[in-house]
Amino acid sequence: MRIDVVTIFPDYLRPLELALVGRAASRDLVDIQTHDLRAWTHDVHRTVDDSPYGGGPGMVMRPEPWDAALRDIVARDPSRRPRVVVPTPAGVPFTQSYAAELAEQDWLIFCCGRYEGIDGRVVDAWADDEISIGDYVLAGGEVATLVMVEAVTRLLPGVVGNAESIIDDSFAHGLLEGPVYTRPPVWEGRAVPEILRSGDHAAIARWRREEALRRTRRRRPELLDRIELSDADRAVVAS
Ligand SMILES: Nc1cc(-c2ccc3cc[nH]c3c2)n[nH]1
């Protein structure tokens with residue numbers, strides 16, 4: 001997969017060079033290129049913003065640099081059509097299934113807005129997806145892009161060593177993941193649940209499902225309406 005990110009703060013995307021995503025890139029499992037939007041400006045001040053029509057606070061990102069940048073980037077591989085993503089608080093909620101959908105794509109371009117956002121005509125002309133990572137307002141699209149790129153990249157083949165850990169992810173079954181434990185068996189007087197040290201893998205799997213059901217009921221009950229529950233599941237949720 002190829003990922004291009006356009007931003008006026010390229011250094012904000014440096015974390016993508018680290019850890020899981022950085023390792024995936026160094027293994028050529030993903031090709032991530034970051035671009036400074038100001039490279040597509042021509043005035044001495046490299047202006048990317050202007051006052052909003054209709055008045056109001058702040059500034060709006062001008063259409064011309066964005067259009068020039070996107071035309072240029074897309075033209076670099078005429079045989080492929082990228083999926084263009086614009087992070088915005090007004091977008092469709094980003095979910096694990098959305099990440100899985102984006103992970104199927106061959107090429108993603110993330111457009112990181114700043115100020116009050118990108119001129120709506122550019123978004124209309126170019127965006128395939130306008131996505132929100134949550135109901136809170138950031139100062140720009142870069143952090144949302146970091147979130148989405150990490151969530152997507154970890155789903156790409158070969159990136160996560162133990163593919164099973166993706167299958168057992170929170171939300172993978174539509175439930176929140178339950179608690180996890182490691183050594184020591186007792187820490188500060190708190191013991192690891194005995195079942196996890198029993199070696200009875202069927203019982204351990206059942207306990208983990210029950211913990212996931214209980215946690216989901218407590219923290220995100222609305223998720224339970226979206227999944228098929230067995231009679232045993234319903235008994236746990238009702239208890
Ligand atoms: N989920 C979410 C996205 C954003 C976001 C995305 C782009 C811009 C551009 C200027 N402010 C922005 C905020 N905030 N919260």
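1. Let's start with helix H5, residues 142-153. In this predicted model, H5 has 12 residues and spans 16 Å from its first C-alpha to its last. That is close to the 16 Å expected at 1.5 Å a residue. As for its surroundings, 9 of the 12 residues are buried, so H5 is largely enclosed by the rest of the structure. The buried set is Glu-142, Ala-144, Thr-145, Leu-146, Met-148, Val-149, Ala-151, Val-152 and Thr-153. If you scan down the helix, note that Glu-142 is on that buried list, along with Thr-145 and Thr-153.

2. Next, have a look at His-35, which sits in strand E2 (residues 31-36). His-35 has a relative accessibility of 9%, and because the cut-off for buried is under 20%, His-35 counts as buried. What does His-35 touch, leaving aside its neighbours within four places in sequence? The contacts are Asp-4, Val-5, Val-6 and Thr-7, then Trp-40, and further along Ile-73 and Arg-76.

3. On to the charged pairs: the model has 16 salt bridges. One of them joins Arg-71 to Asp-67, with the closest N and O atoms 2.6 Å apart. Both residues belong to helix H2 (residues 63-75) and are 4 residues apart, so about one helical turn separates them. Residues three or four places apart in an α-helix point the same way, because there are 3.6 residues a turn. Arg-71 is exposed at 54% relative accessible area, while Asp-67 is partly exposed at 24%.

4. Helix H7 (residues 201-219) has a pair of this kind, Glu-211 and Arg-214, placed 3 residues apart and again separated by about one helical turn. Their side chains meet in a salt bridge at 3.1 Å, N to O. Are these partners buried or exposed? Glu-211 counts as buried at 18% relative accessibility, whereas Arg-214 is partly exposed at 23%. The cut-off for buried is under 20%, so these two values fall on either side of it.

5. Arg-121 and Asp-119 make another salt bridge, the closest N and O atoms being 2.7 Å apart. Here Arg-121 counts as exposed, with 54% relative accessibility, but Asp-119 counts as buried, with 13%. When you look at this pair on screen, expect an exposed arginine bridged to a buried aspartate.

6. Last one: which residues are linked in a network of salt bridges? Asp-77, Arg-80 and Asp-106 are. It's worth pulling these three up together in the viewer, given that they form a network.

Key:
Residues are numbered from 1 along each chain as its sequence is written. This is a predicted model: local features need pLDDT of at least 70, side-chain atom pairs count only at pLDDT 80 or more; totals for chains, interfaces and linings use all residues. Side-chain values use heavy atoms; hydrogens and water are left out. Helices (H or I, at least four residues) and strands (E, at least two) are DSSP runs, numbered from the N terminus. Buried means under 20% relative accessible area, exposed over 50%, partly exposed in between (1.4 Å probe, protein chains only). Contact means heavy atoms within 4.5 Å. The expected span of a helix is 1.5 Å times one less than its number of residues. A salt bridge is a side-chain nitrogen of Lys or Arg within 4 Å of a carboxyl oxygen of Asp or Glu.
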